[in-house]
Amino acid sequence: MCSQLWFLTDRRIREEYPQVQILRALRQRCSEQDVRFRAVFMDQIAVTVIGGHLGLQLNQKALTTFPDVVVVRVSTPSVQSDSDITVLRHLEKLGCRLVNRPQSILNCINKFWTFQELAGHGVPMPDTFSYGGHEDFSKMIDEAEPLGYPVVVKSTRGHQGKAVFLARDKHHLSDICHLVRHDVPYLFQKYVKESHGKDIRVVVVGGQVIGSMLRCSTDGRMQSNCSLGGVGVMCPLTEQGKQLAIQVSNILGMDFCGIDLLIMDDGSFVVCEANANVGFLAFDQACNLDVGGIIADYTMSLLPNRQTGKMAVLPGLSSPREKKEPDGCASAQGVADSPYTINNGSTSSESEPELGEARDSSANTVGGPSPHASRAWIQH
Ligand SMILES: Nc1ncnc2c1ncn2[C@@H]1O[C@H](COP(=O)(O)OP(=O)(O)O)[C@@H](O)[C@H]1O
Ligand SMILES: [Mg+2]
């Protein structure tokens, strides 16, 4: 019986995040290890309940076997709990091991939800206020007064530093109130002055810190995001920083994530946010790592019968349940009807451009050497 692994992603994020690196690394490992691999877009899936039983359709065809492990990349700013999360929950209920799990993704899609999860665990975080109704921004201007000024304001669904700003005073907030979009709530957060323009991005995979990068803005602004022109350099993290990042990852139940830490004057840290759909191109470059490869190695270790004594399974994280359906695996090399199926180690021509990959014959050789060091995650 051979294992089956899916890479499930969303057409909306193909340009913004390094999906292709993960796709390529997964495909290569599956090819080498006789694992059936399939890359699937969210909109190819239909979920069913027929005769009281859960079912799954892919491209209008009912499946009889389900993947053991599904690597999920969904756009956290736009993920919909009534559609995307429904599919993820369904896969989980069918016995698939999702990486990351839907509950963990939910813990990160809204910055205030992240803080709700972390609260009560002794995790240092800046004081933060938010509200229920979409229109209550102006009401919060008074209620958030205890946070003092300047105050940090963020869309709870923002990303890449685009919906974060530093409000000078109450008048500034009142002026902005009429300009900001009110379709999602905002949060008001204590300004960590000493971290202005800098923070630490920590990438955690399988409950272990695989690297950390100091990010600094280059134009004086508060946000240090690389997508806004911030510059990242590898920097060693103190033991407190590492333990904090691991604690946050564990509480949120993440398999892989990027944790942003704000830096205090005394060298300690407070948590800024956690990213389930972590981008890692700048990180790979700064830290000379291959995060896509590390995520792929970790994922492969979750396949049935591959868990070694060395693997540190996170609290609450487990391997896939025994599959209920018979596995009709006829060939170790894939499923004939998928345009994304591997075939003798090579890829069908449609798959990579669909996922936003520029065709570059020198760099894109499937199974070719990585430009960066790929470290097996279990070695750390
Ligand atoms: N409370 C704060 N005090 C100081 N700087 C902050 C604060 N919150 C965020 N920042 C800066 O703004 C950046 C973006 O904020 P973040 O919450 O990570 O939003 P995004 O999801 O858009 O990256 C952070 O990386 C950090 O540099
Ligand atoms: Mg951030």
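Asparagine 100 sits in the loop that runs between β7 (97–99) and α3 (102–109). In this predicted model, the peptide bond leading into that residue from valine 99 is cis, with omega near 0°. A second cis bond joins tyrosine 149 to proline 150, and here omega is near -5°. Proline 150 belongs to the loop between α5 (137–143) and β9. One more backbone angle deserves a look: aspartate 34 has a positive phi, near 60°, although the residue is not a glycine. Its place is in the loop between α1 (19–32) and β2 (36–41).

Now to the interior. How many cavities of 30 Å³ or more does the structure hold? There is 1. The largest cavity has a volume of about 320 Å³. Its lining is made up of 28 residues, and those closest to the centre are Lys154, Val164, Met222, Leu262 and Cys272. Sorted by class, the lining comprises 8 nonpolar, 11 polar and 9 charged residues. Several strands take part: β9, β11, β12 (198–205), β15 and β16 each give at least two residues to the lining.

Where does ligand 1 sit? You will find ligand 1 in the largest cavity. Its shell counts 22 residues, with Lys111, Lys154, Gly161, Asp199 and Asn225 the closest. By class, this shell has 7 nonpolar, 8 polar and 7 charged residues. The strands β9 (151–155), β11 (186–190), β15 (256–263) and β16 (269–275) each contribute at least two residues to the shell.

If you are setting up a closer look at the ligand, here are some polar contacts made by its oxygen atoms.

| Residue | Part of the residue | Distance to an oxygen atom of ligand 1 |
|---|---|---|
| Lysine 111 | side-chain N or O atom | 2.4 Å |
| Glutamine 160 | backbone N or O atom | 3.3 Å |
| Methionine 222 | polar backbone atom | 3.4 Å |

On its own, ligand 1 has 540 Å² of accessible area, and the protein covers 99% of this. Two residues are handy for linking the pictures of ligand and cavity. Lys154 is among the closest residues to ligand 1, and Lys154 is also listed among the lining residues closest to the centre of the largest cavity. Methionine 222 offers a polar backbone atom at 3.4 Å from a ligand oxygen atom, and Met222 likewise appears among the residues closest to the cavity centre.

Notes. Residues are numbered from 1 along each chain as its sequence is written. Chains are lettered from A and ligands numbered from 1 in the order in which they are written. This is a predicted model: local features need pLDDT of at least 70, side-chain atom pairs count only at pLDDT 80 or more; totals for chains, interfaces and linings use all residues. Side-chain values use heavy atoms; hydrogens and water are left out. A residue is near a molecule or strand if one of its heavy atoms lies within 4 Å of it. A polar contact is a pair of N or O atoms within 3.5 Å; within protein, one must be able to donate a hydrogen and the other to accept it, and residues adjacent in sequence count only if both atoms are side-chain atoms. Accessible areas come from the Shrake-Rupley method with a 1.4 Å probe; for residues, only the protein chains shown count as cover. On a 1 Å grid over the protein atoms alone, a cavity is a set of points where a 1.4 Å probe fits but cannot get out, and a pocket is an open set with protein on both sides within 12 Å along at least five of seven lines; lining residues have an atom within 4 Å of a point. A molecule sits in a cavity or pocket if more than half of its atoms lie within 2 Å of its grid points. Helices (H or I, at least four residues) and strands (E, at least two) are DSSP runs, numbered from the N terminus. Ala, Val, Leu, Ile, Met, Phe, Trp, Tyr, Cys and Pro count as nonpolar, Asp, Glu, Lys and Arg as charged, and the others, Gly among them, as polar. Grid points are joined across faces, edges and corners, and a volume is the space filled by probe spheres set on the points.
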